Structures are given as structure tokens and as C-alpha cells.
Amino acid sequence: LIRNERNLGFAGGVNVGLRHATDVGADYVWLLNNDAEPLPGTLDTLVHTAEADKRIGLASPVILNSDDNDAIDWHGSIWRDGVYDYTKDPDTYARWLEQAPNQICLTGTALLLSRRLIETIGLFDERLFAYWEDTEISLRAATAGFRVTVVPEAAVRHACGNEALDAENRPPYYYYLMTRNELLVLRKTGAPLRTVYWMLRRAVRWWSKPGLNSRQRHAILRGVVDGLLGRGGAPPI
């Protein structure tokens, strides 16, 4: 158990564990959210898959929603032309994998990282603090020539809740980080201006969403400004 003296965010906190694990000789490191429950054999399946193909740098199980009778909540993501999308459908993921294998992104909920990946591309980007750091490292891994893949035979149950019902109750820093960090990732990936414009339009629609309070809306606007200016780190709000 490693206790940090301050909140380093998801990226910084995870990096502390990754450094320790690699220092003691781990071949793989498995990130597992504290509210995620692996199904039997999940870790074995992930490691065996990675061992069978040394090109794999990142691997993730399927995420089941324990708040919705274990329905599939996530079966893969893609970052195509600077636009993020995810799917719950195995067939859609299979099509993405065939069409754009270098644009597959994974979630950090139960992410397996290989030692070789960590030694090659480094750790999570701590400027992102929390949110979008899993997308960023997925893109960086693919750019470096590693495979990024979902392992359909492995699964974890996760308390995903209901996004529509939870939106009004999320703290302002969530809206700030989600808005700012998407722009920071767009900057890092050299996304075209039209993509940034599309993202800004989405931020405006998000800001206009009924039910959000003034602090949440202010956080979105602050996230837009800081994202465009390239400011990272812990949320100032």
C-alpha cells in the first residue's frame, strides 16, 4: 500500500504504482478501479492474450454494468479524425478493429499494461490529472507500434450507474476536466481545426443542457479556455 501525501489525480496516482511495479520487476501491471469486480479468470485471460502476442501493449476486458443487470456497458472505443466514440456492441468493435486498428482506445477501468510499453513510451500524462488519460496513452501506444485491444473473453463488473441521471449531480471539476482534457488531447494529436470547432460546439451544447447549475456551467467554460491555452494539471475549481 503506497500512501501519497496529496491528491495526484488518476494519472499521477497510477504512475506512482506503475513506477513501483516496474522497479520490482513486474512484466505487466493491471489497473483496477476500486468499484470493479473481475469475473473469474479475467486476469489470466488478459495476461495469456498479451503473452501470445508480444505486440500487445494495452489490453482491457469488456466492462459490464453491475447497476444494469450486467449488461455490456463498454466494448471498445475509437478516436477517429479527432472524434471519440465508444460502443457496447461486439460487432461494431470488430468492425472498428478491422478498419482502424491503430485508432482503438481503451478505458482505464481494468487496463493491463505491459512492461515493454511502459519502458518504451513512458507513463500516463500527469498534465491531464483525471479523465482522457486512458485515451491519450492508447493513442501514444498505437503510434509507437503497439497493439491496443479489447479481450472479449475477459470481463469485469463495474458500478457504472445511469449517466443521464448522474449528470446533474456531478461536481464542477468533472465538467472542467472532461472539457479541458479533450481539448488537450486534440492539441497533442494535431487534430484539424474543424475537429476543435466540433468539440467546442459540443461544449456549448453541454453548457446549455437543462439541469446544470451555474458552477457546473462555469466549469465547462473554464475548461474550454484552459484547454485552448494548453493549461494542464490539477483542476483549479
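Here is a short tour of one helix and a few charged pairs.

Before you click, note that this is a predicted model, where local features need pLDDT of at least 70, side-chain atom pairs count only at pLDDT 80 or more, and totals for chains, interfaces and linings use all residues. Residues are numbered from 1 along each chain as its sequence is written, and side-chain values use heavy atoms, with hydrogens and water left out.

**Stop 1: helix H8**

Select residues 193-207, which make up helix H8. Helices here are DSSP runs of H or I with at least four residues, strands are E runs of at least two, and both are numbered from the N terminus. H8 has 15 residues and reaches 21 Å from its first C-alpha to its last, close to the 21 Å expected at 1.5 Å a residue (that expected span is 1.5 Å times one less than the number of residues).

Now colour Thr 195, Val 196, Met 199 and Ala 203, which are buried. Buried means under 20% relative accessible area, exposed over 50%, and partly exposed in between, using a 1.4 Å probe and protein chains only. Look down the axis of H8: its buried residues fall within an arc of 100°, so they line one face of the helix. The arc is taken from the directions from the helix axis to the C-beta atoms.

Swing round to the other side of H8 for Leu 193, Arg 194, Tyr 197 and Val 204, which are exposed. To see what covers the buried residues, show strand E6 (83-86), helix H7 (172-188) and helix H9 (214-229), which are among the covering elements; contact means heavy atoms within 4.5 Å.

**Stop 2: from H8 to H7**

Stay on H8 and pick Arg 202, whose side chain meets that of Glu 182 in a salt bridge (2.2 Å, N to O). The term means a side-chain nitrogen of Lys or Arg within 4 Å of a carboxyl oxygen of Asp or Glu. The pair links helix H8 to helix H7, 20 residues apart. Glu 182 counts as buried at 3% relative accessibility, while Arg 202, at 27%, counts as partly exposed.

**Stop 3: Lys 188**

Next, select Lys 188 and Asp 125: they form a salt bridge, with the closest N and O atoms 3.0 Å apart. Asp 125 sits in the loop between helix H4 (115-121) and helix H5 (133-143) and Lys 188 in helix H7, so the pair ties together parts 63 residues apart in sequence.

Add Glu 136, which also forms a salt bridge with Lys 188, the closest N and O atoms being 2.8 Å apart. At 5% relative accessibility, Glu 136 counts as buried.
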